[in-house]
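Here is a short tour for anyone meeting this protein for the first time. Have the model open and follow along.

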Amino acid sequence: MLITHDTRCALDTVVDLVNTAPEDDATPDGLPDTVTLEDFVRNHEISDVGILSEFDLSAVRKIRGRFAAVFAEADPRAAARQINELVAAAGTTPRLTDHDGYDWHVHYFAPGASVADHLAADCGMALAFFVVAGEQERLRRCEAPDCRRAFVDLSRNRSRRYCDSRTCGNRLHVAAYRARRKEAAG
Ligand SMILES: [Zn+2]
Ligand SMILES: [Zn+2]
């Protein structure tokens, strides 16, 4: 499956967005205010979104919940329905561009789109291609028991089970290794 530069950026953005959601009532929201949202927009180079308001913040949190549902979905048909709703609500204007020295690719967000619509259109389409390619199972949640963060498995044989943001895989490997050593020593 061909993953263009912009798709890759959109995937990184949507994973980071989903992972700002609090995991439970005890953890704080990763997007608590418009200042944090501005940082998010700057870090992910989301262009042309203007001055951000409380309205933008609540709209982004709302689509974050919908993207989270896509990552939680085991069934491609259910994921497709979620993605269709996200993209349809955003309105799209596909257009070809080769900005900043990148090869030709398509932008989906409409000119003047709000930040929430921009994210829903471009990240929604990035996820749509995974369904089209029969690769929806690559949109995953970390299997570490205390984690559940979203990630996209881009490994060749779709074998990744853990996110890397907290080095969950390493942590579990170390725990298994220690358990084996203990057993061997015991
Ligand atoms: Zn682009
Ligand atoms: Zn994890």
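## Around the zinc ion

Along the sequence, the donor residues of the zinc ion (ligand 1) follow the spacing D-x92-H-x5-H-x1-H. That pattern ties distant parts of the chain together: Asp6 sits in helix 1 (residues 5-18) and His105 in strand 2 (residues 105-109), 99 residues apart. Keep in mind that this is a predicted model.

Which atoms hold the zinc ion (ligand 1)? Asp6 gives two OD donors, while His99, His105 and His107 each bring in their NE2. These donors lie 2.1 to 2.7 Å from the zinc ion. And are Asp6 and His105 buried or exposed? Both Asp6 and His105 are buried.

## Two pockets

Asp6 turns up again when you look at the pockets. The largest pocket has 31 lining residues, and those closest to its centre are Asp6, Cys9, Ala10, His107 and Asp122. So two of the zinc story's names, Asp6 and His107, are on this list as well. Helix 1, strand 2 and helix 5 (115-132) each add at least two residues to the lining of the largest pocket.

The second largest pocket is lined by 15 residues, and nearest its centre are Asp12, Val15, Phe151, Val152 and Asp164. Two or more lining residues come from each of helix 1 and strand 4 (150-152). Helix 1 has the largest share of that lining, with five residues.

Here are the two pockets side by side.

| Pocket | Volume | Lining by class |
|---|---|---|
| Largest pocket | about 620 Å³ | 15 nonpolar, eleven polar and five charged residues |
| Second largest pocket | about 280 Å³ | seven nonpolar, two polar and six charged residues |

## Helix 5

Helix 5 is worth a look of its own. How many residues does helix 5 have, and how far does it reach? Helix 5 has 18 residues and spans 25 Å from its first C-alpha to its last, close to the 26 Å expected at 1.5 Å a residue. Of those 18 residues, 14 are buried, so helix 5 is largely enclosed by the rest of the structure. Just after helix 5 comes Gly134, which takes a positive phi of about 70°.

## Some loop residues

Now for the loops, starting with backbone angles. Most residues other than glycine have a negative phi. Two residues here go the other way. Glu45 is not a glycine, yet its phi is positive, near 50°. Asp100 has a positive phi too, about 50°, and is not a glycine either.

Where do these two sit? Glu45 is in the loop between helix 2 (34-43) and helix 3 (54-72), and Asp100 is in the loop between strand 1 and strand 2. With a relative accessible area of 70%, over the 50% cut-off, Glu45 counts as exposed. Asp100 is exposed as well, its relative accessible area being 69%.

The last stop is Gly91, in the loop between helix 4 (76-90) and strand 1 (92-97). Why is Gly91 called partly exposed? Its relative accessibility is 29%, and partly exposed covers values between the 20% limit for buried and the 50% limit for exposed. Setting aside neighbours within four places in sequence, Gly91 is in contact with Ala110 and Ala121. Gly50, by comparison, is 41 residues from Gly91 in sequence and 18 Å from it in space, C-alpha to C-alpha.

Definitions and conventions
Residues are numbered from 1 along each chain as its sequence is written. Chains are lettered from A and ligands numbered from 1 in the order in which they are written. This is a predicted model: local features need pLDDT of at least 70, side-chain atom pairs count only at pLDDT 80 or more; totals for chains, interfaces and linings use all residues. Side-chain values use heavy atoms; hydrogens and water are left out. Donors are N, O and S atoms within 2.8 Å of the metal (3.2 Å for Na, K and Ca); water is not among the atoms, so sites may look incomplete. Helices (H or I, at least four residues) and strands (E, at least two) are DSSP runs, numbered from the N terminus. Buried means under 20% relative accessible area, exposed over 50%, partly exposed in between (1.4 Å probe, protein chains only). On a 1 Å grid over the protein atoms alone, a cavity is a set of points where a 1.4 Å probe fits but cannot get out, and a pocket is an open set with protein on both sides within 12 Å along at least five of seven lines; lining residues have an atom within 4 Å of a point. Grid points are joined across faces, edges and corners, and a volume is the space filled by probe spheres set on the points. Ala, Val, Leu, Ile, Met, Phe, Trp, Tyr, Cys and Pro count as nonpolar, Asp, Glu, Lys and Arg as charged, and the others, Gly among them, as polar. The expected span of a helix is 1.5 Å times one less than its number of residues. Contact means heavy atoms within 4.5 Å.
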